[in-house]
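Subject: The structure, and what turned up in it

Hi,

Here is the structure I said I would pass on. Have a look at it first, and then read my notes below.

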Amino acid sequence: MMTDKPFSTNYNRVVAVAASCGAILVCLIVGITLVNGTGYQDFESIRNYRTVDEYAARLATSSSVLRAIYPLDTLYIFAYLIMVFAMVLATGQTTPVGILACVAALGTASLDFIENNHILAMAAAVERGYEVSMGRVTFETVITQTKFNFGLLLTLCLSFLLPGHTKGGLCARWLARALVVLAPVALLSPIATLAYISMNILFAGIIAAVFFQASSSNM
């Protein structure tokens, strides 16, 4: 059974700032996507298109929006990487779960970078008149789904790293587990996807509040 160990004030602050930045960045990304009606999620598979040509045509018209989102998404990846590693250090959880959380975070981040850059590479290709093959789209789908699974593993690990001796920490623990359970239905409709993203933003917000409080109480 895992026990809650004393927090390190400096690492607490890092977790809180990183979680806050992550939540803000996701809000900005979602806002840009909603305003423009397109985002990276539209090109993670061919699910919403009848043909590869239709996928490619939409990709070409969305390239400028994708390039605007890219730096924000890159910062978001760094934010959750920093958050996870600082959380492991702050809670002293250098246990198998803590190590697995770091591995899952690195796996998620690596695939996230590949996903984003591959989509942008396809966008640059179609802008120059090249075709997108079904093989490239399938590769993108495999990368995305694998990233998604690594992300779920990370979320589950975080549910055991979060402190259970505070109401906020306990709430975050069970919210993380609810996210893992609800994840399979998150892509069934745009509303379900938005709800899932909103829960993730709330999750990051609670983490920030919990670790800000811990940082303040240890000063």
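Let me start with Leu158. If you set aside the neighbours within four places in sequence, Leu158 is in contact with Met83, Val84, Met87 and Phe203. Before going further, keep in mind that this is a predicted model.

**The cores**

Leu158 also turns up when you look at the largest nonpolar core, which has 37 residues. Which of its residues touch the most other members? They are Met83, Met87, Leu158, Phe203, Ile207 and Phe211. So three of the residues that Leu158 contacts, Met83, Met87 and Phe203, are on that list too. Nonpolar side chains tend to be buried together in soluble globular proteins.

As for where this core comes from, the elements that give two or more residues to it are α1 (9–36), α2 (52–91), α3, α4, α5 (167–182) and α6 (190–217). The largest share is that of α2, with nine residues. There is also a second core, separate from this one, with 21 residues. Tyr49, Val52, Leu120 and Val132 are among its members.

**How the helices pack**

I looked at three helix pairs, beginning with α2 and α3. Their axes come within 8 Å and cross at roughly 165°, which makes α2 roughly antiparallel to α3. The crossing of this pair is left-handed. On the residue side, the contact of α2 with α3 divides into 25 nonpolar, six polar and four charged.

Next is α3 (residues 96–127) against α4 (residues 134–161). Here the axes come within 8 Å and the crossing is at roughly 155°. Angles over 145 degrees count as roughly antiparallel, and α3 and α4 are therefore roughly antiparallel to each other. The handedness of the α3 and α4 crossing is left-handed. In the contact of α3 with α4 you will find 18 nonpolar residues, seven polar and five charged.

The last pair is α4 and α5. They pack at an angle of about 155°, and their axes are 8 Å apart. That makes α4 roughly antiparallel to α5, and the crossing of α4 and α5 is left-handed. Which residues make the contact? From α4 you have Leu152, Thr155, Leu156, Ser159 and Phe160, and from α5 you have Arg173, Ala176, Arg177, Leu179 and Val180. By type, the contact of α4 with α5 divides into six nonpolar residues, two polar and two charged.

**A few single residues**

Some individual positions may be handy to click on while you have the model open.

- Val126 is found in helix α3. Is Val126 buried or exposed? Val126 counts as buried because its relative accessibility is 13%. Its C-alpha lies 6.0 Å from that of Ala60, although 66 residues along the chain separate Val126 and Ala60. Not counting neighbours within four places in sequence, Val126 is in contact with Ala56, Leu59, Ala60 and Val132.

- Ala121 has its place in helix α3 as well. With a relative accessibility of 39%, Ala121 counts as partly exposed. From Ala121 to Ser63, the distance is 9.9 Å in space, C-alpha to C-alpha, and 58 residues in sequence.

- Pro96 is another residue with its place in helix α3. Pro96 counts as exposed, with 69% relative accessibility. Between Pro96 and Ala209 there are 26 Å in space, C-alpha to C-alpha, and the two are 113 residues apart in sequence.

- Val65 sits in helix α2. At 11% relative accessibility, Val65 counts as buried. Leaving out residues up to four places away in sequence, Val65 touches Ile32, Asn36 and Thr38. For Val65 and Thr38, which are 27 residues apart along the chain, the C-alpha atoms are separated by 7.5 Å.

If you only have a few minutes, I would start at Leu158 with its contacts to Met83, Val84, Met87 and Phe203, and then go on to the contact of α4 with α5.

Cheers

Technical notes
Residues numbered from 1 in each chain as written. Predicted model: local features only at pLDDT ≥ 70, side-chain atom pairs only at ≥ 80, totals over all residues. Heavy atoms only, no water. Axes fitted to C-alpha atoms, helices over the stretch in contact; angles between N-to-C directions. Helix = DSSP H or I, 4+ residues; strand = E, 2+ residues; numbered from the N terminus. Parallel < 35°, antiparallel > 145°, perpendicular 65-115°, else oblique. Left-handed = near helix turned anticlockwise from the far one by under 90°. Nonpolar A, V, L, I, M, F, W, Y, C, P; charged D, E, K, R; others polar. Core = buried A, V, L, I, M, F, W, Y, C linked by side-chain atoms within 4.5 Å. Buried < 20%, exposed > 50% of the residue type's maximum accessible area, 1.4 Å probe, protein only. Contact = heavy atoms within 4.5 Å.
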